[in-house]
Amino acid sequence: MCTNSSMTKKLYIETVGCQMNVLDSELVVASLRKEGYELTDCTADADTILFNTCSVRQHAEDKIYSALGRLKHAKQTHPDKVIGVLGCMAQKDQRLVFERAPYVDLVVGPGQIHQVPRLVKEARAGAGQQLEVSLGRKEGSRDAIQRSHASFDPLRDPAMRPTPYQAYVRIMIGCDKFCTYCIVPNVRGPEQSRPPSEILAEAHQLASEGCKEIILLGQTVNSYRYRHGDRTTRLSDLLYELQEVDGIERIRFITNYPKDMTDDLLAAVRDLPKSSRYLHVPVQSGSDRVLERMKRGYTVDEYRAMLGRVRDWIPGVAVTSDFIVGFCGETDEDFAQTCKLVRQLRFKNSYIFKYSERPGTKGAERFPDDVPDAVKKARNNQLLAIQNAISEEDNQPFLGRQVEVLVEGPSKAALKREKQTGPPPVGPGKPAGPLQLTGRTRCDRIVVFEGNRRQIGQLLPVTIYDANALTLFGTVVTQHAGPELFALSSGNRPMNRL
Ligand code: 5AD
Ligand code: SF4
């Protein structure tokens with residue numbers, strides 16, 4: 001049962017979708033905090049309720065419309081509550097959101113997120129429904145469309161991140177690839193790279209706040225190109241510049257487009273000590289026929305050659321992929337080729353999605369969504385089983401090995417326990433007890449181990465003793481257990497050895 005007894009304004013925000021949305025929500029929270037808002041995890045308690053939405057699959061949209069449906073009664077009884085729909089579904093559906101949920105006050109596309117504080121204020125002041133969206137891909141010159149999609153990257157709020165030691169940094173917005181299944185180019189607009197000076201300034205700011213790892217974001221992050229006069233900064237150049245930011249220990253970037261995986265980038269990932277040896281490079285299908293219909297711009301052999309280069313250049317690299325099963329016209333034979341490819345290429349992990357037709361895409365216009373849902377589901381499960389077996393096998397060589405882990409925080413199990421029992425007391429005279437922690441290796445493998453709260457945010461050596469498909473289990477190598485605490489009364493004996 002939630003009660004809003006204080007005078008502070010309360011904000012409830014729910015985020016679905018990709019890392020871009022997670023970052024946008026972090027920034028919206030930061031800007032509303034400046035206006036005196038505090039976060040609540042209860043809609044009944046909230047003065048403002050925001051949904052940051054995704055349009056990549058129908059299911060993500062259905063979830064939001066159901067959540068809005070559940071708020072209808074709350075809005076009737078508390079008409080002063082401001083309800084907002086932000087993000088990709090807002091851009092895609094626009095006024096349709098008001099038609100389906102007439103009690104929504106704001107509809108704000110991803111290119112207009114910077115307007116949220118003003119729009120909330122206006123809605124609260126009784127200005128009526130507010131719609132702020134960017135131009136569609138055919139609604140003006142490229143320049144005008146680009147200008148209508150503003151990247152919003154101002155102040156940061158470390159408190160909004162799952163861990164203050166990691167942060168997303170947007171390096172580009174939009175997408176120009178127009179894969180036929182994908183709604184992203186329509187809702188997030190043209191590809192635009194951010195100036196390197198802005199990205200570096202943000203990295204310095206994050207480092208000064210104690211952030212250890214930055215994750216560079218772009219829909220096709222390796223297509224990053226920023227032209228200044230006759231010079232061009234590529235992603236590899238940016239990695240070299242970010243390498244020099246003191247305090248940042250690790251740098252990752254997602255998501256890569258297979259055709260733009262250039263040698264200069266592979267060399268940077270190999271040579272830069274702070275660069276994660278991890279690349280997410282979605283192949284989507286193992287059938288040339290399907291890839292062509294998807295308009296991915298490469299064949300299976302071309303992808304295979306690219307992956308060969310990646311593995312030759314970067315020893316120990318971990319590569320992950322996305323797959324769509326049940327795309328229009330996908331036959332049993334096409335799917336068998338995808339299974340074969342997954343067995344051959346041995347990705348560290350694969351994210352598998354059932355095709356979801358998106359109105360407004362070329363796929364929806366040109367091809368019928370003709371694979372029955374039951375078949376999509378069966379193919380999804382089959383591919384997942386193949387991938388899981390490979391992931392588990394590929395984790396076995398880690399047994400007995402020592403890896404370097406950047407500690408992110410309590411493990412999921414520890415967080416669940418803390419939710420039930422509350423966090424343990426910490427402070428002078430109350431040494432932190434053992435806590436199950438989680439972190440990642442340089443090749444992005446998740447490691448769970450027993451540690452203590454002070455180790456969060458540190459790079460620790462961990463020896464692995466067990467592994468399943470998604471997780472390595474380890475023990476901290478004790479002589480590096482972290483900054484030592486000295487008790488004055490005990491002759492400066494270190495207290496926090498594990
Ligand atoms: N249906 C299912 N999956 C999709 N993706 C993108 N669009 C669709 C769609 N219409 C998947 C792709 C992409 C990932 C982020 O989402 O695999 O790489
Ligand atoms: Fe969508 Fe293709 Fe662009 Fe990725 S590259 S965002 S799948 S259109």
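## Cysteines without disulfides

The sulfur of Cys 211 has its closest cysteine sulfur in Cys 18, 19 Å away, so the two are too far apart for a bond. Keep in mind that this is a predicted model. With a relative accessibility of 1%, Cys 211 is counted as buried.

Looking at the whole structure, the disulfide count is 0. A pair of cysteine sulfurs would have to lie within 2.5 Å to be called a disulfide, and the 19 Å from Cys 211 to Cys 18 is too far for that bond.

## Around ligand 2

Now for the ligand. The shell around ligand 2 includes three cysteines by name, Cys 175, Cys 179 and Cys 182. Also in that shell are Lys 177, Phe 178, Tyr 181, Val 184 and Pro 185, along with Gln 219, Thr 220 and Arg 296. By class, the shell breaks down into 7 nonpolar, 2 polar and 2 charged residues.

Two of these neighbours get a closer look. Cys 179 has 8% relative accessibility, so it goes down as buried. Phe 178 comes in at 31%, which makes it partly exposed. Phe 178 sits in the loop that runs between strand E8 (172–173) and helix H8 (184–188). Its backbone is worth a glance too: phi is positive, about 55 degrees, even though Phe 178 isn't a glycine.

## Ser 134 and its neighbours

Ser 134 belongs to the loop between strand E6 (130–132) and helix H7 (142–148). At 4% relative accessibility, this serine counts as buried. Its side chain reaches the backbone oxygen of Ser 148 at 2.6 Å.

Leaving aside residues up to four places away in sequence, Ser 134 touches Gln 91, Gln 94, Gly 111, Gln 112, Glu 139, Ser 148 and His 149. So which loop holds Gln 94? That residue is in the one between helix H4 (88–93) and helix H5 (95–100). Gln 94 is partly exposed, given its 25% relative accessibility, whereas Ser 134 is buried.

## Backbone oddities

Gln 94 also shows up on the backbone list, with a positive phi of about 45 degrees despite not being a glycine. Phe 178, from the ligand 2 shell, is another non-glycine with positive phi.

Then there's a cis peptide bond: Ile 254 and Thr 255 are joined with omega at about 0 degrees. Where does Thr 255 lie? It's in the loop between strand E13 (250–254) and helix H11 (263–271).

How values were computed. Residues are numbered from 1 along each chain as its sequence is written. Chains are lettered from A and ligands numbered from 1 in the order in which they are written. This is a predicted model: local features need pLDDT of at least 70, side-chain atom pairs count only at pLDDT 80 or more; totals for chains, interfaces and linings use all residues. Side-chain values use heavy atoms; hydrogens and water are left out. A residue is near a molecule or strand if one of its heavy atoms lies within 4 Å of it. Ala, Val, Leu, Ile, Met, Phe, Trp, Tyr, Cys and Pro count as nonpolar, Asp, Glu, Lys and Arg as charged, and the others, Gly among them, as polar. Buried means under 20% relative accessible area, exposed over 50%, partly exposed in between (1.4 Å probe, protein chains only). Helices (H or I, at least four residues) and strands (E, at least two) are DSSP runs, numbered from the N terminus. A polar contact is a pair of N or O atoms within 3.5 Å; within protein, one must be able to donate a hydrogen and the other to accept it, and residues adjacent in sequence count only if both atoms are side-chain atoms. Contact means heavy atoms within 4.5 Å.
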